[in-house]
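Student: I should like a close look at a single part of this protein, namely its largest nonpolar core. Which residues touch the most other members of that core?

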Amino acid sequence: MPSPPLIKPHLEYPLVARLKERGMIIPDEARAIRKLSQIGYYRLSGFSYPCSRPRFDYGVHFNALNSDKDDIITLIYMRRHFELTDDKGDAYQVLSNLLHKRERAIDTREPKGTGENHPEMEGGKFSSGCDQLINVMPSFSYSDMLHRVEDKDSLKSLYESCSNGYEKLQVCRLIEHEENNAVVEKSIKQTYHIENEFICQLDLAEFDTIPEYVISKCDAIVSGDSA
């Protein structure tokens with residue numbers, strides 16, 4: 001009589017709790033659980049190698065005073081730092097508005113009102129956010145930086161000076177364009193901008209995480225050959 005097949009039951013490990021116990025910073029547990037259900041636990045193993053080395057100081061890594069990068073690139077990294085540290089305070093709100101090219105800043109911490117829009121950011125909070133950024137970048141001026149992110153030719157020159165794929169992707173997003181390929185557009189605006197940001201974090205100055213085909217499309221957009 002043949003032996004019955006051996007069926008190994010699935011084990012229900014509290015993965016998020018275990019990862020936190022091992023030192024991983026997980027600001028959004030619900031999202032982490034959702035992503036683990038999509039990609040599995042073991043696909044995270046590759047991220048453990050840089051984590052085995054001493055952690056770098058995000059404050060130093062993204063600090064404008066310790067960087068020779070263009071001010072726009074520095075501000076992009078600063079916004080990422082605020083996101084990683086789950087700090088959506090006044091400075092983050094100012095940066096988010098700037099990189100969305102808003103002349104009148106809104107406050108996404110406040111509930112949406114008429115027309116499903118967030119209210120305008122209070123003057124005191126806006127000034128406080130600008131002051132916090134000036135403490136790090138003394139040359140910061142919202143109006144001057146807004147002019148720069150609205151200058152397409154300036155952004156194209158900046159794109160050519162970027163040192164990695166993440167910087168190119170972010171600058172490409174600042175350049176207004178129309179993209180007929182929905183898959184590529186989603187890659188540029190969502191997948192590699194948002195989806196891979198918060199569960200695990202690699203040092204973007206050392207690890208280029210953006211696929212070459214996405215950067216090739218960004219190159220075409222910036223050069224005007226994306227049709």
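Tutor: The account below takes the core, then one helix pair, and then the confidence of the prediction.

The model is predicted, and its largest nonpolar core comprises 39 residues. Those that touch the most other members are Ile-72, Leu-75, Leu-98, Leu-133 and Phe-140. At least two core residues come from each of α5 (71–84), α6 (90–99), α7 (123–136), α8 (142–149), α9 (152–161), α10 (165–174) and α12 (212–223). Among these helices, α5 gives the most, with 7 residues. In soluble globular proteins, nonpolar side chains tend to be buried together.

Leu-98 illustrates the contacts in detail: leaving aside residues up to four places away in sequence, Leu-98 touches Leu-75, Phe-140, Tyr-142, Met-145, Leu-146 and Val-149.

Two of the contributing helices, α9 and α10, also form a pair. Their axes come within 9 Å and cross at roughly 170°; angles over 145 degrees count as roughly antiparallel, and α9 and α10 are therefore roughly antiparallel to each other. On the α9 side, Leu-155, Leu-158 and Tyr-159 meet Lys-168, Val-171, Cys-172 and Leu-174 of α10. By class, this contact has 6 nonpolar residues, no polar residues and 1 charged residue.

As to confidence, the mean pLDDT of the protein is 76, with 66% of its residues at 70 or more. Among the elements, α8 has the highest mean pLDDT (96), whereas helix α4 (residues 58–61) has the lowest (45). The pLDDT is below 50 over residues 52–61, a stretch with 12 contacts in the model beyond near neighbours in sequence. Where pLDDT is low, the predicted coordinates should not be read in detail.

Methods. Residues are numbered from 1 along each chain as its sequence is written. This is a predicted model: local features need pLDDT of at least 70, side-chain atom pairs count only at pLDDT 80 or more; totals for chains, interfaces and linings use all residues. Side-chain values use heavy atoms; hydrogens and water are left out. A nonpolar core is a set of buried Ala, Val, Leu, Ile, Met, Phe, Trp, Tyr and Cys residues joined through side-chain atoms within 4.5 Å. Buried means under 20% relative accessible area, exposed over 50%, partly exposed in between (1.4 Å probe, protein chains only). Helices (H or I, at least four residues) and strands (E, at least two) are DSSP runs, numbered from the N terminus. Contact means heavy atoms within 4.5 Å. Axes are lines fitted to C-alpha atoms, for helices over the stretch in contact, and angles run from 0 to 180 degrees between N-to-C directions. Angles under 35 degrees count as roughly parallel, over 145 as roughly antiparallel, 65 to 115 as roughly perpendicular and the rest as oblique. Ala, Val, Leu, Ile, Met, Phe, Trp, Tyr, Cys and Pro count as nonpolar, Asp, Glu, Lys and Arg as charged, and the others, Gly among them, as polar. pLDDT is the predictor's confidence in each residue, from 0 to 100.
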